[in-house]
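User: Please take a close look at one part of this structure and explain how its surroundings are put together. I am a first-year student, so plain wording would help.

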Amino acid sequence: MKASTVLESEIIEILKLQDSCPICYAKSKAVDSWIYGAFTNLLHNEDARTKLREGGLCRYHSARITEMARENSDIGSLAVTVIFKEMLLEQKRMLKGDARKGFFRRNRESNIGNCHLCRIASDTETRYLKGFYGFLYSESIRRMYEESTNVFCIDHSESLFKVLGTSESQWFEDVQNKKIGLLLSDLELYIGRHDYRNSEPIGEEKKAWLIASKIIGQL
Ligand SMILES: [Zn+2]
Ligand SMILES: [Zn+2]
């Protein structure tokens, strides 16, 4: 299908992917792209260094940076070492006297914290939630979602239910029930394949637990 806006074409591309929540995928991709762009040229990227120094990092995103540096020689451990050293120096200073009070107050007051990568994830999430909210009214986008192996995770399903109109909500409930029902059947099948009496080989159901890990939300 032909897209009429940049966001619509991005959404169409995401719907062509497989086995993930489209919004979680967009969030991770935005964060990974920022990490890649910033860390492959970090020594010349003062803006990125300032953002990391000023905001610090949540545990999840410092682990993601470390993981990407291990996997990707374009990033490597040197750039990460340089910025981690700068951040730690800055934060060591904040443990002293007056600076300490401001530092701990700021950390307590904000739910999202100051991690720059959390902000990128949050902005991307808002942009795509609005995008999907608008485009799920389109028959062709709905059909693309129905026919794909993507499943909106529980958290993003809840966010979409809050904004969709009555008939769209009914469609969304039906399609989510169908997709999650198929996933549950695959989980059941995979469990059954491990029975000692089973002689059937394991097929596509072997990835069901990995897909489920991306769909389960927090209650
Ligand atoms: Zn999601
Ligand atoms: Zn973060």
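Analyst: D19 is partly exposed, because 16 other C-beta atoms lie within 10 Å of its own, and a residue needs 20 or more to count as buried. This comes from a predicted model. D19 sits in the loop between α1 and α2. Its backbone deserves a remark: the phi angle of D19 is near 60 degrees, a positive value in a residue other than glycine. Most residues other than glycine have a negative phi.

The loop that holds D19 leads from α1 to α2, and P22 belongs to helix α2, which covers residues 22–40. P22 is buried, because it has 23 C-beta neighbours inside 10 Å, while the cut-off is 20. What does P22 touch, apart from residues up to four places away in sequence? The contacts are I14, L15, F132, N150 and F152. F152 is 130 residues away from P22 along the chain, yet their C-alpha atoms are separated by 6.3 Å.

F132 also appears in the largest nonpolar core, which has 14 residues. The residues with the most contacts inside this core are I11, C21, I23, F132, F135 and I141. Four helices each supply at least two residues of the core: α1 (6–15), α2, α7 (116–135) and α8 (139–147). The largest share comes from α7, with three residues. One of the residues named for the core, F135, is in contact with E8, I11 and I141, leaving aside its neighbours within four places in sequence. A second core, separate from this one, has 13 residues, and V31, L57, A79 and A121 are among them.

Two of the helices that supply the largest core, α1 and α7, also pack against each other, at an angle of about 90 degrees and with their axes 10 Å apart. The angle makes α1 roughly perpendicular to α7, because values from 65 to 115 degrees are given that name. On the α1 side the contact is made by L7, E8 and I11, and on the α7 side by G131, F132 and F135. Sorted by class, these residues are four nonpolar, one polar and one charged. I11, F132 and F135 are therefore named twice in this account, once for the core and once for the contact between the two helices.

Now follow α2 away from the loop. The axes of α2 and helix α4 (residues 59–71) come within 11 Å and cross at roughly 60 degrees. The two helices are therefore oblique to each other. The crossing of α2 past α4 is right-handed. Which residues meet there? V31, D32 and I35 of α2 meet R64, I65 and M68 of α4. By class, the contact has four nonpolar, no polar and two charged residues. V31 is also one of the residues of the second core.

After α2 comes the loop between α2 and α3, and N45 is placed in it. N45 has 17 C-beta neighbours inside 10 Å, so N45 counts as partly exposed. In sequence N45 and C153 are 108 residues apart, and their C-alpha atoms lie 35 Å apart in space.

The helix on the other side of that loop is α3. Helix α3 (residues 46–55) packs with helix α5 (residues 76–93) at an angle of about 40 degrees, with the axes 9 Å apart. These two helices are therefore oblique to each other as well, and α3 passes α5 in a right-handed crossing. The residues that meet are R49, L52 and R53 in α3 and I83, E86, M87 and E90 in α5. This contact has three nonpolar, no polar and four charged residues.

One further residue can be set beside P22. A208 lies in helix α11, residues 208–215. A208 is buried, because 20 other C-beta atoms lie within 10 Å of its own, and 20 is enough for that class. Not counting residues up to four places away in sequence, A208 touches L183, D186, L187 and Y190. The C-alpha atoms of A208 and Q176, 32 residues apart along the chain, are separated by 16 Å.

Technical notes:
Residues are numbered from 1 along each chain as its sequence is written. Chains are lettered from A and ligands numbered from 1 in the order in which they are written. This is a predicted model: local features need pLDDT of at least 70, side-chain atom pairs count only at pLDDT 80 or more; totals for chains, interfaces and linings use all residues. A residue is buried if 20 or more other C-beta atoms lie within 10 Å of its own, exposed if 12 or fewer, and partly exposed in between; C-beta atoms are placed from the backbone. Two residues are in contact if their C-beta atoms, placed from the backbone, lie within 7 Å. Axes are lines fitted to C-alpha atoms, for helices over the stretch in contact, and angles run from 0 to 180 degrees between N-to-C directions. Angles under 35 degrees count as roughly parallel, over 145 as roughly antiparallel, 65 to 115 as roughly perpendicular and the rest as oblique. A crossing is left-handed if the near helix is turned anticlockwise from the far one by less than a right angle, and right-handed if clockwise. Ala, Val, Leu, Ile, Met, Phe, Trp, Tyr, Cys and Pro count as nonpolar, Asp, Glu, Lys and Arg as charged, and the others, Gly among them, as polar. A nonpolar core is a set of buried Ala, Val, Leu, Ile, Met, Phe, Trp, Tyr and Cys residues joined through C-beta atoms within 7 Å.
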